[in-house]
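Me: Walk me through this model, starting at its surface. Keep the replies short.
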Amino acid sequence: MTADEPGADAAPTSGTASTSGAASTTGTAPATGTTPTPGTAATGETGARQAWAALPWLVRTAVLWSACLVVIIAGLYLLGQIAVLLAPLAIALAATIFLTALLDPVLLRLRRLRLPAALAALLTVLLLLGILVGVGALVWNLTASQFDQLSQELTQGLDRSREFVTSTLPVSDAQLDKLIDQAREGLSGSSPDPVAGARTASEVVGSALLALVLLFFLLKDGRSMWHWTLSRMTGPNRQVAAEAGRAGWQTLGAYSRGTMLIAAIDAIGIGLALVLLGVPLALPLALITFLGGFIPIIGATVAGAVAVLVALAANGPTTALLTLAAVVAVQQIEGNLLEPLVMKRQVRLHPAVILVAVTAGTLIAGIAGAFVSVPITAVLWRIIDTVQRRRSSAEAPAHS
């Protein structure tokens with residue numbers, strides 16, 4: 001009997017012939033119960049592939065996209081939870097990066113004067129502090145005397161609003177008083193804890209100080225840090241990372257400066273309208289409008305609503321309607337004329353994307369999340385678009 005006979009006598013079943021042949025070649029017989037069965041795994045894989053291929057293409061596409069979406073949402077949720085746990089640090093980092101992109105042109109101008117990097121960064125930070133302190137002192141000096149007057153006018157406005165509600169709506173004075181009492185009880189029940197308020201205030205002060213220190217170091221050494229990071233990369237990834245980082249930084253700078261300019265124009269326009277209409281506290285309302293401009297769509301709407309409510313309470317419905325018309329006119333001019341000119345195409349996002357980003361940021365991190373959600377979205381989109389275009393240009397010669 002030859003060495004080939006075990007293989008010849010074996011039944012030609014799938015997965016066993018190769019095993020017998022291998023055993024006869026080595027000259028040893030496999031032990032009973034230890035024979036590997038690769039045919040079983042192959043059959044299972046083949047069956048899974050056949051079942052997957054039997055599904056309609058729409059179902060397969062939906063499964064793949066759903067899986068990718070779940071992974072992305074889980075990752076974003078995890079990052080959001082980490083940011084919430086480290087809220088003071090996250091807010092300080094976000095404010096530092098935003099202010100660095102905003103003040104980078106000032107730093108470059110000072111550097112062109114051959115000033116040392118540390119001195120140029122220090123002068124830039126001092127300029128920012130001077131502007132903030134000056135604006136705060138100006139607003140306080142011009143509006144501190146108006147608070148008592150506003151309190152009286154708000155009381156009169158509430159009385160007029162009460163008369164309007166009871167005369168036009170099927171609501172009696174007793175029912176309205178009951179609703180007001182319930183609202184007061186709810187507000188008193190949800191009043192903040194003094195200890196928690198003190199802790200929040202200390203966190204805000206600490207975050208502000210940390211942001212100023214980080215701002216100085218980023219202005220002084222930010223470019224050297226970025227070059228050091230790029231030096232650790234090799235090959236084509238270094239060029240892609242350099243181009244993507246440059247595009248993202250330019251987008252953040254353009255967004256920060258453009259948003260500040262548009263918010264300032266909105267604040268000046270609405271502030272002038274409030275002054276002409278005789279609405280009290282026009283300067284603080286203009287400041288609220290300026291801050292609200294950093295939250296696209298939602299911020300401007302809330303700031304305009306506050307101005308209209310103050311006008312209604314202080315001067316009556318006619319002034320409130322005129323204020324509403326002024327707010328709508330300024331926002332329309334800003335949205336249809338100024339934003340396309342200032343923001344350019346590289347930082348413009350669809351309104352639906354902006355609303356989703358602002359809502360998600362608000363749900364994750366409150367007001368701070370609403371501030372940073374849109375610039376983060378714009379920068380990420382710009383980076384992804386740059387990487388895709390770079391890869392497409394690199395693959396084009398290979399296909400040709």
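Me: Which helix gives the most to the nonpolar patch?

Reply: This is a predicted model. The patch covers about 960 Å² and is made by residues including Ile 72, Leu 76, Leu 89 and Leu 210. Two helices, α4 (57-85) and α5 (87-112), each supply at least two of its residues. The most, 6 residues, come from α4.

Me: Leu 93 also belongs to that patch. Is Leu 93 buried, partly exposed or exposed?

Reply: Leu 93 sits in helix α5. Buried would need under 20% relative accessible area, and exposed over 50%. Leu 93 has 39%, so the residue is partly exposed.

Me: How much area does the protein expose in total, and what share of it do carbon and sulfur atoms supply?

Reply: Buried residues make up 24% of the 400 residues. The protein exposes about 26000 Å². The share from carbon and sulfur atoms is 70%.

Me: Now the fold. How many helices and strands does the protein have?

Reply: Read from the N terminus on, the elements run α-α-α-α-α-α-α-α-α-α-α-α-α-α. Of the contacts with a separation of 6 or more, 68% join residues 24 or more positions apart. The count is 14 helices and 0 strands.

Me: Which helix gives the most to the largest nonpolar core?

Reply: That core has 11 residues, among them Phe 98, Tyr 255, Phe 294, Leu 349 and Val 374. Two elements give two or more residues to this core: α10 (236-277) and α14 (351-399). The top contributor, with 5 residues, is α14.

Me: Leu 349 is one of those core residues. Beyond its neighbours within four places in sequence, which residues is Leu 349 in contact with?

Reply: Contact here requires heavy atoms within 4.5 Å. Core members Ile 354, Val 374 and Ala 378 are among the partners of Leu 349. The full list is Ile 354, Val 374, Thr 377, Ala 378 and Trp 381.

Me: How many residues are in the other core, which lies apart from it?

Reply: Ile 270, Ala 307, Val 327 and Val 330 are among the members of this other core. Its total is 10 residues.

Me: Why does the end-to-end distance of α10 agree with the expected span?

Reply: α10 has 42 residues, and at 1.5 Å a residue these should span 62 Å. The computed distance agrees because the end C-alpha atoms are 61 Å apart.

Me: What sign does phi take at Gly 278?

Reply: Gly 278 comes just after α10. Its phi is about 75 degrees, which is positive.

Me: Finally, Thr 124. Is Thr 124 buried or exposed?

Reply: Thr 124 lies in helix α6 (residues 117-143). Leaving aside neighbours within four places in sequence, its contacts are Leu 103, Val 106, Leu 107, Leu 110 and Leu 219. The relative accessible area is 1%, so Thr 124 is buried.

Me: How far apart in space are Thr 124 and Val 106?

Reply: Thr 124 and Val 106 are in contact. In sequence they are 18 residues apart. In space, C-alpha to C-alpha, the distance is 6.8 Å.

Conventions
Residues are numbered from 1 along each chain as its sequence is written. This is a predicted model: local features need pLDDT of at least 70, side-chain atom pairs count only at pLDDT 80 or more; totals for chains, interfaces and linings use all residues. Side-chain values use heavy atoms; hydrogens and water are left out. A nonpolar core is a set of buried Ala, Val, Leu, Ile, Met, Phe, Trp, Tyr and Cys residues joined through side-chain atoms within 4.5 Å. Buried means under 20% relative accessible area, exposed over 50%, partly exposed in between (1.4 Å probe, protein chains only). Helices (H or I, at least four residues) and strands (E, at least two) are DSSP runs, numbered from the N terminus. Patches are made of residues with over 30% relative accessible area and no salt bridge: like charges are joined within 9 Å, nonpolar side chains (Val, Leu, Ile, Met, Phe, Trp, Tyr) within 5 Å. Accessible areas come from the Shrake-Rupley method with a 1.4 Å probe; for residues, only the protein chains shown count as cover. A salt bridge is a side-chain nitrogen of Lys or Arg within 4 Å of a carboxyl oxygen of Asp or Glu. The expected span of a helix is 1.5 Å times one less than its number of residues.
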